[in-house]
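Thanks for coming, everyone; I would like to spend a few minutes on ligand surroundings and pockets, so please have the model open as I talk.

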Amino acid sequence: MSVIEINHPLVQHKLTLLRNKDAETKLFRETLTEITGLMTYEATKDFKLKDVEVETPIMKTTAKALAEKVAVVPILRAGLGMVEGVTTFIPTAKIGHIGVYRNEETLEPVYYYCKLPENIAEMKVLLVDPMLATGGSAIYSIDYLKEAGVKDITFMCIIAAPEGIAKVIEKHPDVDIFVGKIDQGLDENSYIYPGLGDCGDRIFGTK
Ligand code: PRP
Ligand code: URA
């Protein structure tokens, strides 16, 4: 297990655009997609390749192709904002959905929906959610995937609180976490600070 913070200048620059409270919905969505694409590049760097035959305009040759079966699973709602960033680079990825929201009083995850690809147990799963705060939603979703038989899970998030990371590591030490930035902590409402506010509301324009 490892926690990898993506310190690439482009990711850090684009994160600042997301944090800006005046960023409009269009910019917010597009930037979230771009950051996710850059993170996908890092998170897939150890994916296995296989040999395939290809005919170039010059000759037949043996070249490389992805050997992995991949699924991307967004935690609804905000995780939906990261799907395109993954599928742009892995268009063959299957897409599953886990619907969990955080009860804002108890902070406990509340389940409401799930649909996973057939044979997900054989796939490498990229679980995506922009925000890792207390860790409740991520832990619930990883539990759910493991109960479905998934053995290979990578969690990708844009901003995380140290408290949430510690909890995920404690419960699921086998899961790699790729994170854009580990922020300072959680405020009195368990929002990440400095953070970027409520990510779902900012993606979908609901507040
Ligand atoms: C946000 C976020 C995570 C969760 C993180 O979702 O997208 O899923 O909170 O908090 P946690 O680590 O304390 O569980 P939210 O519950 O606001 O639902 P939404 O995506 O539908 O807006
Ligand atoms: N969910 C969010 O969208 N933002 C936070 O800071 C914490 C939970």
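**The shell and the pockets**

The shell around ligand 2 is made up of 5 nonpolar, 2 polar and 2 charged residues, where Ala, Val, Leu, Ile, Met, Phe, Trp, Tyr, Cys and Pro count as nonpolar, Asp, Glu, Lys and Arg as charged, and the others, Gly among them, as polar. This is a predicted model, in which local features need pLDDT of at least 70, side-chain atom pairs count only at pLDDT 80 or more, and totals for chains, interfaces and linings use all residues. Residues are numbered from 1 along each chain as its sequence is written, chains are lettered from A and ligands numbered from 1 in the order in which they are written, and side-chain values use heavy atoms, with hydrogens and water left out.

Among the residues surrounding ligand 2 are Arg 102, Met 131 and Asp 198, a residue being near if one of its heavy atoms lies within 4 Å. A backbone N or O atom of Ile 192 lies 2.9 Å from an oxygen atom of ligand 2, and one of Cys 199 lies 2.8 Å from an oxygen atom of the ligand, while for Gly 197 the partner is a nitrogen atom of ligand 2, at 2.8 Å.

Turning to the linings, that of the largest pocket divides into 15 nonpolar, 8 polar and 7 charged residues, whereas that of the second largest pocket has 4 nonpolar, 2 polar and 8 charged. A pocket here is an open set of points on a 1 Å grid over the protein atoms alone, where a 1.4 Å probe fits, with protein on both sides within 12 Å along at least five of seven lines, and lining residues have an atom within 4 Å of a point.

Conventions:
A polar contact is a pair of N or O atoms within 3.5 Å; within protein, one must be able to donate a hydrogen and the other to accept it, and residues adjacent in sequence count only if both atoms are side-chain atoms.
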